[in-house]
Amino acid sequence: MSVRHPFPLPPEDRALSPYTGFTRAHWEATADALLCATRPYSSPRHALLTLPGARPSSSGPRSDGLEGFARTFLLAALRVAGSNGHDPHAHLPRYAEGLAAGTRNPTGERALTTDAPDAWPRIDAVRQAYVEAASLALGLRLTRPWLWDTLDDRVRARVVDWLSPALGPSPVDNNWWLFGLTVGGFLHDAGIETVRARTAIDRALTRIEDWYRGDGWYSDGDNRAFDHYNAWALHFYPVLHAHLSADRALLATHGPRLRAQLDSYAHLFDANGAPLPFGRSLTYRCAATAAPWLGTLTGHTPLTPGATRRLASGVLRHFLDRGAATAHGLLPLGWYGPYAPMLQSYSGPGSPYWAAKGFLGLLLPADHPAWTAPEEALPAETADAARPLGRTGLLLQATASDGLVRLHNHGSNSTLAGPDPYYARFAYSTRTGPTDAEPTLPDNHFALLVDGRPTTRGPATPHGQGPDWVASAHTPRHADGSALPGVRILSVTAVHGRAELRAHLVTGAAPGTPVRQTGWATTPDGPLAQLHPVHGYQGPPREATTGSTLFGPRTHTAVLEGTTTADPDGTLFVSLASLTADPDPAPVSELARTVIRGRTIEVTWRSAALGLASHVFFCPAVVVVRRFACGGLCRCAGLFG
């Protein structure tokens, strides 16, 4: 790929970094370029950074200006702290002036006004300021010898006064508790308000303990939201705090959890460097690499140093090569370029700069093996993979021949109101994105058509899993969010290689209710998607033109249609699907032979594997038996009970 970046980068080093060509110098140059590009958008005394964007966030322009300041400050802090105070571009003096100006007369006003162009919003008046307090506190903690310790006593007192409300209970009951922990960590480290700071730290750690689900995975609150917030928040803040505090007891608890999470999370990155576009806040982009860097920084990682750098540099290069930085060197709200459909209302023009967390590796010294060891291949490049991600209801599927990663969702739900394309689909991949919301045809979706309108997927409840399958149940909903009374859909995905078996048992629906199964939404230059009817559907799939995804403005999606029957035990719908970047792939129908006998689905996968172990689960309702052409047998049940 021939690419012109918006700022100069050092020469590639393919001997040290055979996969990406990137070295520590590329990370330093990128950090400096991103920071310098934002300078023209500073307020008169640098306290607010009001970046260009199509719209402000729901918190208003003044909060957005604070967000721009706080998140770029975190990037500057990592850059300078990682160089042991060396600051050739004079980043820190600008932020020192901004700290003084922003805290002089904080305001409850959300709008920007000419009489207070530098004033920060108060934490008690603008909730988003609570979030940004964490970036400010972490940046101050990292740069304490070169910034905090040099500030005037009056400025430090004002900063403490501004930060102090963040030591109270979190206004949102999710990962936000960790913002108070981060503020408390800085103040406790600096010997300020130590009792309140310790209380904030302990309170946050106690709260997130309720959400730990094992195998390295947290839910983001009292729910079933499993996404990238595990990497850039729920592990990031407590583990980094433990590291900076030299708290061995805390690290002994949270370090192994981080390692367990990385054991699965590292599989979610494409061979081309793409992280998986699943969940919310995807505009943070490179923040997805925060956890891998943190594992190396603390020694709690299953990855070798060379594999860690290959993963992180792969992500950085992936985005830089595809226009994630504009011609002016700014990070727009989107994935590659601007893309409004993937945004949340809380996202503002400064939001993308939480990509700063992905630069955590700069805290590793230049002679650390993470910077000096040769790059090593990603998991997606070395072997096919099929594995559940702990008890999240998520199933990983990856193929080494094309380096493509897919994620099948049977248990992670959005924390936001209404159907969310970035959680509600049954499948996601590193080279496709969910189609935009209505009226666009949703991809990877199974719906009943009620009065001509498709149902949405209600919250998914896990219904079983195995080494290469996962199942869930949900109650479909009308477009207005109300549930279809008495209707239930039990679903299972089983995978092998690039092939997917998708099965749905519909109970409680009126006979003759139309149903619709969609496949992957692909762009003209993207991978090839296939969808094949096995049982319950009428005729071959039709191709539908669908709307934009974060990979491009035009997509096509295969569609299967059928109707429910009068069977009191429900109607079963089964299909085979595939997504691949391999050249000239065989039809997915040739990858498996499927036989339906009552409520038993017998699948014989075409495979060259030998010696596959058998495992059997019992359920009296529906049994899925998977056989392999080489003679191996694998039976899973408990899917439709």
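Biologist: Does Asp153 count as buried or exposed?

Modeller: This is a predicted model, in which local features need pLDDT of at least 70 and side-chain atom pairs count only at pLDDT 80 or more, while totals for chains, interfaces and linings use all residues. Residues are numbered from 1 along each chain as its sequence is written, and side-chain values use heavy atoms, with hydrogens and water left out. Buried means under 20% relative accessible area, exposed over 50%, and partly exposed in between (1.4 Å probe, protein chains only). Asp153 has 55% relative accessibility, so the label is exposed.

Biologist: Which residue forms a salt bridge with Asp153?

Modeller: A salt bridge here is a side-chain nitrogen of Lys or Arg within 4 Å of a carboxyl oxygen of Asp or Glu. For Asp153, the closest N and O atoms are 2.4 Å apart. The partner sits three residues away, about one turn of the helix, in helix α5 (residues 153-163); helices are DSSP runs of H or I with at least four residues, numbered from the N terminus. At 22% relative accessibility the partner is partly exposed, and its name is Arg156.

Biologist: How far apart are the closest N and O atoms of Arg406 and Asp402?

Modeller: Both ends of this salt bridge are buried: Arg406 has a relative accessible area of 0%, and Asp402 has 11%. Their closest N and O atoms lie at 3.9 Å.

Biologist: Which residues do salt bridges that share partners join into one network?

Modeller: Two of the members, Arg14 and Glu12, form a salt bridge with closest N and O atoms 2.9 Å apart. Arg14 counts as partly exposed at 39% relative accessibility, and Glu12 is partly exposed at 39% too. The full network is Glu12, Arg14, Arg317 and Asp321.

Biologist: Which residues have the most contacts inside the largest nonpolar core?

Modeller: A nonpolar core is a set of buried Ala, Val, Leu, Ile, Met, Phe, Trp, Tyr and Cys residues joined through side-chain atoms within 4.5 Å. The largest one holds 144 residues, and the most contacts inside it belong to Trp120, Trp162 and Phe359.

Biologist: Which helix gives the most to this core?

Modeller: The contribution is eleven residues. They come from residues 61-81, that is, helix α2.

Biologist: How many residues does the other core, lying apart from it, have?

Modeller: Among its members are Ala471, Leu490, Leu591 and Val603. The size of that separate core is 19 residues.

Technical notes. Helices (H or I, at least four residues) and strands (E, at least two) are DSSP runs, numbered from the N terminus.
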